[in-house]
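Let's take a friendly walk through the empty spaces and helix packing of a protein model. Have the sequence and the 3D view open as you read.

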Amino acid sequence: MLFDPYGRELKEVPKKPALDMMGTVRVRDQYSNYPSVKLTPEKLASIFREADAGEILRQAELMEEMEEKDPILGAVMHTRKLAVQGLDYEIQPFSESAEDKKIADHVRENLADLDLDDVTLDLMDAVGKGIAATEIQWQTDGARAWVSGFEWIHQKQLTFLEMSVGWDAPLPKVPKLLTIAEPIRGVDIPPFKILYHRYKARSGFPQRAGLFRGLAYYYLFKNYDIKDWIIFLEKYGQPLRVGKFTPGASPDDIKVLKGAITNLGTDAAALISDTTMIEIIEAKMAATSGDLYERAARYFDRVYEIAALGQTATTEGTPGKLGNEAAQTEVRADLKKADAKALAKTLRQQLIWPMVGFNFGWDKPLPTIRFIVEEPEDLVSLSETYKNLVEVGTPIPVSHVRKQFGIPEPQGDEEILTPPAQPFAPQPFAELSLKKKVLIPVGSRQVETE
């Protein structure tokens, strides 16, 4: 009995991959309903209720807009994705046998010809939206099959909606793919054709697991805050222009004065009669009035950072400052490891497995893909450790120290750094004593004298 990567039983062992493209992005897919326009708490709740029922189109479009419209949210999410995309990876054979090494070499060669950075970035989109999908482009030559590329699939082309079953039917383990032939109900995702990656930040339904679901209300409230802030600045941030005229001013003079006041902000000059005058009153705001809006916006930004990166002080660090801010760099280490591990699991089960199955057999053990996540070392503490070890007599090869700190071996007469010369401090002479005790005989006894 054979099961596909999604846990569905296969009636027969697949012999060749499906070559026809299913989820090709169509021209109409680039158009959006822009659900963020006139977004209210009631509208947001209705979008979530639709997604709960399985229809995730408006939720997917809203999450896409959130990342586009809010630069802070987009930046922290991009940082989260790049943290994994920038990692190197390695393919390790299942064992040291010749066959397992051959299988690993085949996978390694096929992946080397692909742009794995793009597919990594596409699948990491699941962190914000809960799910992500990419279609595998297969090519065959006789009995040989290999992957030639990938095609990104927008989340709104997926649906969890089940219209043909009752309330008590089990939920589908994977979404269906909306196609031209089935634009409403969708079709089952065929095995070994679609890479379906899920970000499981917590237990629950896939359409509710993404970070954007929890950040949507903060996004909404921040939009309210920014809108009110702009209105406040329009009212109180500009100086008030007051026009004055004498009782003897003519209607033409008053009309010219009104036009001058209106256009003074753009023209910066005005021509009026001597019976009228313009007074500019400096705008004075309470110290805390405008600051309330800025503080609220910064609070929402910190929520974004904590949710996406696991910490704050990443987008607003103090230049040149070390200590706590230096430790809070980009994505928290445990989040990066978890993302890399989850992505490696998806690639091994849904990409490497069919690479091996179509070419070597479905019962062959699979090689392992591992993203290399290295934590930055504290070189200051490491140098202190080496210093203490040397002082107690521990033999440490110089080559090892050079490797740890990335210090190359000096070449030829190349100038090298030397410790600064210590200033000469003469030591005080020891006190000399000119006195010497001796024993001299005095009669029958000896007397000590100096």
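What follows is a short tour of a predicted model, going from its pocket to a helix pair and then to its cavities.

## The largest pocket

A good place to begin is the largest pocket, which holds about 580 Å³ of space. Its lining is made up of 21 residues. To find the centre in your viewer, look for His197, Arg198, Lys200, Lys345 and Thr346, which lie nearest to it.

Two elements each give two or more residues to this lining: strand S8 (194-198) and helix H11 (333-360). Helix H11 gives the most, with nine residues. As for chemistry, the lining of the largest pocket has 10 nonpolar, four polar and seven charged residues.

## Helix H11 up close

Helix H11 is worth a second look, beyond its nine residues in the pocket lining. There is a kink of about 35° in H11, and Arg348 is at the centre of that kink. Just after H11 comes Gly361, whose phi is positive, at about 120°.

## A pair of helices

Next, turn to H12 (residues 379-391) and H13 (residues 398-405). A handy way to describe two packed helices is by the angle between their axes and the distance between the axes. Here the axes come within 11 Å and cross at roughly 170°. Angles over 145 degrees count as roughly antiparallel, and H12 and H13 are therefore roughly antiparallel to each other.

Which residues make the contact? On the H12 side they are Leu379, Leu382, Ser383 and Tyr386, and H13 brings His400, Gln404 and Phe405. By class, the residues of this contact are four nonpolar and three polar, with no charged ones.

## Two cavities

Now for the enclosed spaces. Rolling a probe the size of a water molecule over the atoms shows where empty space is left. The model has two cavities of 30 Å³ or more.

The largest cavity holds about 50 Å³ of space. Its lining consists of Ile56, Gln59, Ala60, Met63, Lys129, Ile131, Gln155, Pro206 and Gln207. Helix H2 (residues 57-69) gives the most to this lining, with three residues. Sorted by class, the lining of the largest cavity has five nonpolar, three polar and one charged residues.

## The second cavity

How much space lies in the second largest cavity? The figure is about 40 Å³. Around this cavity you will find Lys15, Lys16, Pro17, Thr140, Gly142, Ala143, Arg144, Ala145 and Phe358. The lining of the second largest cavity divides into four nonpolar, two polar and three charged residues.

How values were computed. Residues numbered from 1 in each chain as written. Predicted model: local features only at pLDDT ≥ 70, side-chain atom pairs only at ≥ 80, totals over all residues. Heavy atoms only, no water. 1 Å grid on protein atoms, 1.4 Å probe; cavity = no way out; pocket = protein on both sides within 12 Å on 5 of 7 lines; lining within 4 Å. Points joined across faces, edges and corners; volume = space filled by probe spheres on them. Helix = DSSP H or I, 4+ residues; strand = E, 2+ residues; numbered from the N terminus. Nonpolar A, V, L, I, M, F, W, Y, C, P; charged D, E, K, R; others polar. Bend = angle between axes of the 7 residues up to and from the residue. Axes fitted to C-alpha atoms, helices over the stretch in contact; angles between N-to-C directions. Parallel < 35°, antiparallel > 145°, perpendicular 65-115°, else oblique. Contact = heavy atoms within 4.5 Å.
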